[in-house]
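Student: Please take a close look at one part of this model for me: the pockets. Go through them one by one, and keep it brisk.

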Amino acid sequence: VKKIGVLTSGGDAPGMNAAIRAVVRTGLSYDLEVFGIYDGYFGLHQNKIKKMERYSVSDIINRGGTFLGSARFPEFKDEKIREEAVANLKKHDIDALVVIGGDGSYMGAKKLTEMGFPCIGIPGTIDNDIAGTDYTIGFDTALNTAIDAIDRIRDTSSSHNRISVVEIMGRYCGDLALQAAIAGGAEYLIIPEVGFSRTDLLKSLNEGKLKGKKHAIIAITEHITNVNELAAGIEMATGRETRATVLGHIQRGGSPTARDRVLASWMGGYAVELLLDGKGGRCIGIQNNQLVHHDIIECIENMRRPFSQDLYTLQQKLF
Ligand code: ADP
């Protein structure tokens, strides 16, 4: 391996820049040439490829988003399009690629690897929904953003004896809502791994009121139900003022936390070492505080994220 490429793909996440920086600088430290590919697989197909110097990644470790840009490019599922993309890589003599993104991006990396082009996947998404890793890059920053929002909502809910429904990202993974509920002291939690019943929720709200609780915060993962309708239903049933707040894209931005920066740097450096070791078709994770790598195909097709049952059980005792 002499020349490697790096791209970010799918939904962006704080810490992606730190990961790109680590790939570039680690690569240069081993005398590799490193190329940045702009706008994900779309840019790969459009040949938006630029050689990176050490200063190309200066002053980005603290910045959210991804300076390389990211794109959704469903056309990449088409083998012919992928062949054209590989031809662009070959034009630059690039012989391996680091892909930072979510599981959709891993699919693209898997397909390229199957076509004989070695890729390493780095988990970059705030959703923490990728198998083979305890944490994804961006999760910690998004979690802190969600907690900050919950703290603010708590202040005003408490002043007004209000019930607040807070919709948190995570796609189909409840980790962000679960950990935000614990750290933000939310009373009720609705996550996709467990689901919910309106009757039980109303019963709990009523029990909370009997315990003397004047306000309540309900943390809920996106895509489960329409939170405005949920809030209206609760207000109707309880007679208590209820409002929904959708945190939305605020969770996707912002300066990455120290944890995300360290994780991203660690994973970025490791990706380069794996490629130098002749390994391709792997995805990187952190498990029990150790860097690990798994077969990217195995990871997508067979591995599942374990649900944090212990944390969920704990959360149920804390309100
Ligand atoms: P994420 O990586 O955050 O999960 P997406 O699911 O949108 O985001 O995937 C990002 C990109 O990865 C897609 O726009 C597409 O270019 C590529 N991709 C996704 N699925 C496949 C697939 N089955 N085959 C090839 N490329 C894919």
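**The pockets and the ligand**

Tutor: Start with the second largest pocket, which has a volume of about 350 Å³. Keep in mind that the model is predicted. The lining of this pocket consists of 18 residues. Nearest its centre lie Asp103, Asp129, Ile130, Ala131 and Arg305. By class, the 18 lining residues split into ten nonpolar, one polar and seven charged. Two helices deserve a look here. Helix 4 and helix 10, the latter spanning 296-301, each give at least two residues to this lining.

Now move to the largest pocket. Its volume is about 640 Å³. Here 28 residues form the lining. Gly10, Gly11, Arg72, Gly104 and Ser105 are the ones nearest the centre. The lining divides into eight nonpolar, ten polar and ten charged residues. Helix 4 appears again. With six residues, helix 4 provides the largest share of this lining. Helix 4 also supplies at least two lining residues of the second largest pocket.

Next, the occupant. The ligand sits in the largest pocket. Its shell holds 16 residues. Arg72, Phe73, Gly102, Gly104 and Ser105 are the closest of them. Three names recur: Arg72, Gly104 and Ser105 are among the residues closest to the ligand and among those nearest the pocket centre. The largest share of the shell comes from helix 4, residues 103-114, which contributes six residues. Sorted by class, the shell has five nonpolar, seven polar and four charged members.

Look next at the backbone. Phe73 places a polar backbone atom 2.6 Å from a ligand oxygen. At Gly104, a backbone N or O atom lies 2.9 Å from an oxygen atom of the ligand. At Gly11, the corresponding distance from a backbone N or O atom to a ligand oxygen is 3.2 Å. The protein covers 86% of the 550 Å² of accessible area that the ligand has on its own.

To put the parts together, follow helix 4. Six of its residues line the largest pocket, and six belong to the shell around the ligand. At the second largest pocket, helix 4 is joined by helix 10 in supplying at least two lining residues each. Then compare the make-up of the two linings. The second largest pocket has one polar residue in its lining, whereas the largest pocket has ten. Charged residues number seven in the second largest pocket and ten in the largest.

Technical notes
Residues numbered from 1 in each chain as written. Predicted model: local features only at pLDDT ≥ 70, side-chain atom pairs only at ≥ 80, totals over all residues. Heavy atoms only, no water. Near = heavy atom within 4 Å. Polar contact = N/O pair within 3.5 Å; in protein donor to acceptor, adjacent residues only side chain to side chain. Areas by Shrake-Rupley, 256 points an atom, 1.4 Å probe, with all protein chains shown as cover. 1 Å grid on protein atoms, 1.4 Å probe; cavity = no way out; pocket = protein on both sides within 12 Å on 5 of 7 lines; lining within 4 Å. Sits in = over half its atoms within 2 Å of the grid points. Helix = DSSP H or I, 4+ residues; strand = E, 2+ residues; numbered from the N terminus. Nonpolar A, V, L, I, M, F, W, Y, C, P; charged D, E, K, R; others polar. Points joined across faces, edges and corners; volume = space filled by probe spheres on them.
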